[in-house]
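Subject: Handover of a structure and notes on its contents

Dear colleague,

Please find below the structure that I am handing over to you. My notes on what was found in it follow directly after.

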Amino acid sequence: SFYRHHFPKNHHATSKQLCKPSSTLLHHHYKQYSTTTNGITPSSSSSSPGAAQSRSGPHSQSQSKSPPIISNHSKRFQWSATGKLICLFSVTTVSYLAYKRLFGTHSTAEDHSSSPSSSTNSNAFMQSAIKLFEHKVCEHNLSFRMALFFDTRKQYDRALYFYKLFLRKPSTKKGESAALNNLVVIYYRRNEFENALIALKLLGKAQIQERNLEFVRAHCHHSLKQFDDALKYYELFIRNPHSKATDMTAAYNNLALLCYELGRYDDAAKYFQLIGDDKIVDKNYAFRVAHSLQNIDEFERSLKYYNLYLAHSDDASQLNLRDTYHNLGVLFYDHGQDAEALQMLRKLSRAEIEHRNLEFKMAHLCAKMGDKSTAIEYLRACTLKPEVYKEYALICRGILAQLLYETQEYAQACVEFDELGEAHIVKQDLFFAAAYSYAQCEEYAKALRFYELLLQHKSGEKLSVEEQQYIWSRIAVL
């Protein structure tokens, strides 16, 4: 049938409606790290269930099972990350200048007044300084700690720089995974989904599963409209035993919206049901649920959610209400509930009916309910839209001619029969209506022609003796 259901643009999922993973999912796999004389090792606080959580860090190759014993004397000489950095800057002023070049304001009046050759020499000098700075940071094993320092203070540009510096030559495999993990989180929080996906691919499938990052990857693909990959990783997240209930609900939410947009209404209805009616009402999903159920012929359940949408439609736009009346009208029409269908469609204006290509359904319903004059108006509108109704536009014209004959509008009926032509009058079995209408308009030759065609195509058992006698009498009169 023509445009069976309305699929409005304003019911497509928006970025605000897509759920993100909870903060727990983004943080629960991070461990705290403290600096000791033996290198970077897990702190004791990370082992307790209620310990504060922070981003993950690399394990040192020299890490021992028990914390090292440090004397009071040695503690005074223990270098923190900040202390090492200060020492580093004290050792080489060049490295300090490189740091300022990377992250600070380094342009001065002297720089602008210098000649091109001196500017080139200055740039070459600063590039050398930057390389020296990076070398010193790596030499003192500070890159990850500095990245983590800036990361926790939400200075993400600097954090990204030092994570990438660490990843040039990671000290351990665990450290590499931790840095990639934290890169993913930074890019994801900044909505840089393409970069997040690159880091996730480098992290690898095993680490993604272990760190329960399938949701993050799925949402990145979803936001980039890579729908097949999004479906794959949402489903992997649901099957992951580490997934929490709140994040599972968020995944169901996104899967429902995604399947609805892709026209996979059976799956969409399944995931909407997993969200629950309270969430459906709260997030204003009742229209989508009803429309999904309507497309899989779940009449009663679809009707329930359309009514649920209308019951909570105080804040709904007029467009959303018109969409609902449209789909309810089609739903009742498809299930033979003509009075209810007509009631819903009459809530739409004449312009809306024509805009939504509902003229034929309105004409059919009006004719069945005895309102032939309104049916004729809508059938006329159908004949003016051959690009929509295509070959059915001629069928609409035939029905229009029949209704005009029944309402004794013989002159207008003849106009429509002329437009149809003999072949389509024969095809639609309109012999008698055409012959009688032409006879009433004194076009006797055409009337005789269609009476003769009627006898020719319906001779024998198709016409009773009385019917044949009546037709012959009409021919005799003509």
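In which loop is the place of glutamine 408? Glutamine 408 sits in the loop between helix 25 and helix 26 (410-420). Before I take this region further, please note that the model is a predicted one.

Overall composition

The chain has 478 residues, and buried residues make up 45% of them. Its secondary structure comes to 30 helices and 2 strands. The accessible surface of the chain is about 25,100 Å², and carbon and sulfur atoms account for 52% of that surface. Among contacts between residues at least 6 apart in sequence, 59% join residues at least 24 apart.

Backbone angles with a positive phi

Most residues other than glycine have a negative phi. Glutamine 408 has a positive value, near 65°. With a relative accessibility of 57%, glutamine 408 counts as exposed, because the cut-off for that class is over 50%. Aspartate 429 is not a glycine either, and its phi is positive at about 55°. Its place is in the loop between helix 27 (422-427) and helix 28 (431-440). Aspartate 429 counts as partly exposed, at 40% relative accessibility. Lysine 225, which follows helix 12, also has a positive phi, near 60°.

Helix 12

Helix 12 covers residues 214-223, and 9 of its 10 residues are buried, so this helix is largely enclosed by the rest of the structure. Among the buried residues of helix 12 are Glu214, Arg217, His219, His221 and His222, together with Phe215 and Cys220.

The nonpolar cores

In soluble globular proteins, nonpolar side chains tend to be buried together. In this model, the largest nonpolar core has 93 residues, and Tyr234, Phe272 and Phe417 are those with the most contacts inside it. Helix 14 (residues 245-261) gives the most to this core, with 10 residues. A second, separate core has 32 residues, including Phe150, Leu165, Val184 and Leu200.

Helix 14 also holds asparagine 254. This asparagine 254 is buried, with a relative accessible area of 0%. The C-alpha atoms of asparagine 254 and cysteine 19 are separated by 6.3 Å, although the two residues are 235 residues apart along the chain.

Neighbouring residues 416 and 417

Leaving aside residues up to four places away in sequence, phenylalanine 417 touches Ala401, Ile425, Leu430, Ala433, Ala434, Ser437 and Tyr438. Glutamate 416 has its place in helix 26. Is glutamate 416 buried or exposed? Glutamate 416 is buried, with a relative accessible area of 7%. With the same sequence limit of four places, glutamate 416 touches Arg380, Arg397, Leu400, Ala401 and Leu404. Ala401 is thus among the residues touched by phenylalanine 417 and among those touched by glutamate 416.

A nonpolar patch on the surface

Which residues form a nonpolar patch on the surface? The patch is formed by Tyr392, Ile395 and Ile399, which together have about 240 Å² of accessible area. Tyrosine 392 lies in helix 25, which covers residues 392-406. The relative accessible area of tyrosine 392 is 40%, and this residue is partly exposed.

With kind regards

Terms used. Residues are numbered from 1 along each chain as its sequence is written. This is a predicted model: local features need pLDDT of at least 70, side-chain atom pairs count only at pLDDT 80 or more; totals for chains, interfaces and linings use all residues. Side-chain values use heavy atoms; hydrogens and water are left out. Patches are made of residues with over 30% relative accessible area and no salt bridge: like charges are joined within 9 Å, nonpolar side chains (Val, Leu, Ile, Met, Phe, Trp, Tyr) within 5 Å. Accessible areas come from the Shrake-Rupley method with a 1.4 Å probe; for residues, only the protein chains shown count as cover. A salt bridge is a side-chain nitrogen of Lys or Arg within 4 Å of a carboxyl oxygen of Asp or Glu. Helices (H or I, at least four residues) and strands (E, at least two) are DSSP runs, numbered from the N terminus. Buried means under 20% relative accessible area, exposed over 50%, partly exposed in between (1.4 Å probe, protein chains only). A nonpolar core is a set of buried Ala, Val, Leu, Ile, Met, Phe, Trp, Tyr and Cys residues joined through side-chain atoms within 4.5 Å. Contact means heavy atoms within 4.5 Å.
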